[in-house]
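Please take a moment to look over the sequence and the model, and keep both in view while reading. The paragraphs that follow will lead you from the interior outwards.

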Amino acid sequence: PWDGALETEKGACEGYFEWLDSTINIGRDLDETQFIIKIHPAEKIRGTNQSTAQWIKSNYPNLPPNFSILPADTDVDTYKIFDILDAGVVYATTTGLEMSYNGIPVVTGGYPPYYDFNITFDPRNPRDYENLIRNINNITQNKHMQKRARRFAYLLFISKQFEFPYLDEFFSDSDDTITLE
């Protein structure tokens, strides 16, 4: 729940935890498919109102055996995980764009900024989401999707960036502090 794109108006799932619940319930029947839940590192660094790890522990004390959890403070590099993925399932994280950029097909459950740009598989409702997850081993990303992902990433990370020398931002252990110089 850390990424800024947590708008639920258009995504297939009503919210982050509804998406996670749906994904686990659908995925538990897919014995041949391994799911890795990687918790956002900001949960450890900055904290959240509701911990993903705690939510999983409370709602799934016996997580299906084809699910693994990488905690927020894991030393596992997200980009190294890309090397073993056949597909990605995300709610609304930038990692979905990065996977698509690297040629990995991605199913979204929420409404990320790249939704409906033909970069990822963006189901419109829970039924479409379920169908995509049940057939996750059969989805493929075409070259046009990857090309669009690369263009979108360039726009987002390179073209839209500009210098703003009037604001100096720094963080302390207690509160975020922003000062104007």
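What follows is a walk through the nonpolar cores, the aromatic rings and two of the helices.

The structure shown here is a predicted model, and a sensible place to begin is its interior. In soluble globular proteins, nonpolar side chains tend to be buried together. In this model the largest nonpolar core has 26 residues, and within that core Tyr129 and Ile133 touch the most other members. The elements that each give two or more residues to this core are helix H1 (16-27), strand E1 (35-38), helix H3 (52-59) and helix H6 (126-134), and of these H1 gives the most, with 6 residues. Apart from this core lies another one, of 11 residues, which includes Val90, Met99, Ile104 and Phe152.

Tyr129 deserves a closer look. Leaving aside residues up to four places away in sequence, Tyr129 touches a list of residues that includes Trp19, Ser22, Thr23 and Ile26, and also Val89, Val107 and Pro123. Tyr129 is itself one of the buried residues of H6, together with Leu132 and Ile133. Seen down the axis of H6, these buried residues fall within an arc of 95 degrees, and therefore they line one face of the helix. The partners against which the buried residues of H6 pack are H1, E1, E3 and E4. At the N-terminal end of H6, Asn125 acts as a cap, with a side-chain oxygen lying 3.1 Å from the backbone nitrogen of Arg127.

A comparable description can be given for H3. Here Thr52, Trp55 and Ile56 are buried, and because they cover an arc of only 100 degrees around the axis, they sit on the same side of H3. The face turned away from this buried side carries the exposed residues Lys57 and Ser58. The buried residues of H3 pack against H1, E1, helix H2 (42-45) and strand E2 (67-70), while at the start of H3 a side-chain oxygen of Ser51 reaches to within 3.3 Å of the backbone nitrogen of Ala53.

The aromatic rings give another way of following the chain. The count comes to 10 aromatic pairs, and in one of them the rings of Trp19 and Tyr91 have their centres 5.7 Å apart and their planes at 50 degrees, so this pair is tilted. Because Trp19 lies in helix H1, whereas Tyr91 lies in the loop between strand E3 (88-90) and helix H5 (94-101), the pair ties together parts that are 72 residues apart in sequence. Trp19 has a relative accessible area of 9% and is therefore buried, and Tyr91, with a relative accessible area of 4%, is buried as well.

A second pair is formed by Phe117 and Phe152, whose ring centres are 5.1 Å apart and whose planes stand at 55 degrees, so that this pair too is tilted. Phe117 lies in the loop between strand E4 (106-108) and H6, and Phe152 lies in helix H7 (residues 143-159), so the pair ties together parts that are 35 residues apart in sequence. Phe117 counts as partly exposed, at 44% relative accessibility, whereas Phe152, at 13%, counts as buried.

Two further arrangements of rings complete the tour. Ring pairs link Tyr16, Phe17, Trp19, Trp55, Tyr60 and Tyr91 into a cluster. Elsewhere, Arg150 lies over the face of Tyr101, at 4.6 Å from the ring centre.

Key
Residues are numbered from 1 along each chain as its sequence is written. This is a predicted model: local features need pLDDT of at least 70, side-chain atom pairs count only at pLDDT 80 or more; totals for chains, interfaces and linings use all residues. Side-chain values use heavy atoms; hydrogens and water are left out. A nonpolar core is a set of buried Ala, Val, Leu, Ile, Met, Phe, Trp, Tyr and Cys residues joined through side-chain atoms within 4.5 Å. Buried means under 20% relative accessible area, exposed over 50%, partly exposed in between (1.4 Å probe, protein chains only). Helices (H or I, at least four residues) and strands (E, at least two) are DSSP runs, numbered from the N terminus. Contact means heavy atoms within 4.5 Å. Rings of Phe, Tyr and Trp (its six-membered ring) pair if their centres lie within 6.5 Å; planes under 30 degrees apart count as stacked, over 60 as edge-to-face and the rest as tilted. A charge sits over a ring if NZ of Lys or CZ of Arg is within 6 Å of the ring centre and within 35 degrees of the ring normal. The arc is that of the directions from the helix axis to the C-beta atoms. A polar contact is a pair of N or O atoms within 3.5 Å; within protein, one must be able to donate a hydrogen and the other to accept it, and residues adjacent in sequence count only if both atoms are side-chain atoms.
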